[in-house]
Amino acid sequence: MDADTGSTDDQRERAADERDTVADRREAGLDEREARLAAREAEADNRSGETQVILAEADIRDDRADARDSDADDHEQTASLDSFLHQNDGHDAALKARRSSAIDRRHSKSDRSSSAADRAKLSDPDRLPDDE
């Protein structure tokens, strides 16, 4: 009877050890999963900050482009009015103003292209999280 009790106790002890081992493995797996989740959340927060910076830079470039367009319109309108009101003065001032307007518009286009490129960075596949 002692032998049977001893073997039953040993079996129970082994079964308990196996359950503990399985529970330890599950706990370790959960800990690893929690660590990966925390890392992903940190990456998402970092990407969110980068996104805000990119959008802010794009907005600044758009504002510059709007200001340049407005300046170009003002220069052109002033040149046209001067040309209309002072027909005998020649066209040098009007041409200079129009050239200045064209340069402002070229810079405006460059700013708009840059802001579009900034926004395009948001869809860059390298910025997406890795699937594991």
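What percentage of the 132 residues in the protein chain is buried? Buried residues make up 13% of them. Keep in mind as you read on that this is a predicted model.

Let's start with the overall layout. The protein chain has two helices and zero strands. Helix α1 covers residues 2–85, and helix α2 takes in residues 92–120. If you look at contacts with a separation of 6 or more, 86% of them in the protein chain link residues 24 or more positions apart. As for surface, the protein chain exposes about 10400 Å², and carbon and sulfur atoms supply 48% of that.

Now walk along helix α1, where you'll find Asp 62. Is Asp 62 buried or exposed? Its relative accessibility is 18%, and the cut-off for buried is under 20%, so Asp 62 counts as buried. So who sits around this acidic side chain? Once you set aside the neighbours within four places in sequence, Asp 62 is in contact with Arg 112, Ser 115 and Arg 119. Those three partners have numbers that fall inside helix α2, given its range of residues 92–120.

Arg 68 is another stop in helix α1. This one has 27% relative accessibility, so it lands in the partly exposed class, which lies between the 20% and 50% limits. Which residues does Arg 68 touch, leaving aside its neighbours within four places in sequence? The list is Asp 104, His 107, Ser 108 and Asp 111.

Arg 106 isn't on that contact list, but you can still tie it to this part of the model through C-alpha distances. The C-alpha atoms of Arg 68 and Arg 106 are separated by 9.1 Å, with their positions 38 residues apart along the chain. Asp 69 gives a second reference point: its C-alpha atom and that of Arg 106 are 9.3 Å apart, for a sequence separation of 37 residues. Arg 106 itself belongs to helix α2. With a relative accessible area of 55%, Arg 106 is exposed, because the limit for that class is over 50%.

Finally, go back to the low-numbered residues and look at charge. A patch of negative charge on the surface gathers Asp 9, Asp 10, Glu 13, Asp 17, Glu 18, Asp 20, Asp 24, Glu 27, Asp 31, Glu 32 and Glu 34. One of these, Glu 32, lies in helix α1, the helix that also holds Asp 62 and Arg 68.

Methods:
Residues are numbered from 1 along each chain as its sequence is written. This is a predicted model: local features need pLDDT of at least 70, side-chain atom pairs count only at pLDDT 80 or more; totals for chains, interfaces and linings use all residues. Side-chain values use heavy atoms; hydrogens and water are left out. Patches are made of residues with over 30% relative accessible area and no salt bridge: like charges are joined within 9 Å, nonpolar side chains (Val, Leu, Ile, Met, Phe, Trp, Tyr) within 5 Å. Accessible areas come from the Shrake-Rupley method with a 1.4 Å probe; for residues, only the protein chains shown count as cover. A salt bridge is a side-chain nitrogen of Lys or Arg within 4 Å of a carboxyl oxygen of Asp or Glu. Lys and Arg count as positive and Asp and Glu as negative; His and the chain ends are not counted. The place of a charge is taken as NZ of Lys, CZ of Arg, CG of Asp or CD of Glu. Helices (H or I, at least four residues) and strands (E, at least two) are DSSP runs, numbered from the N terminus. Buried means under 20% relative accessible area, exposed over 50%, partly exposed in between (1.4 Å probe, protein chains only). Contact means heavy atoms within 4.5 Å.
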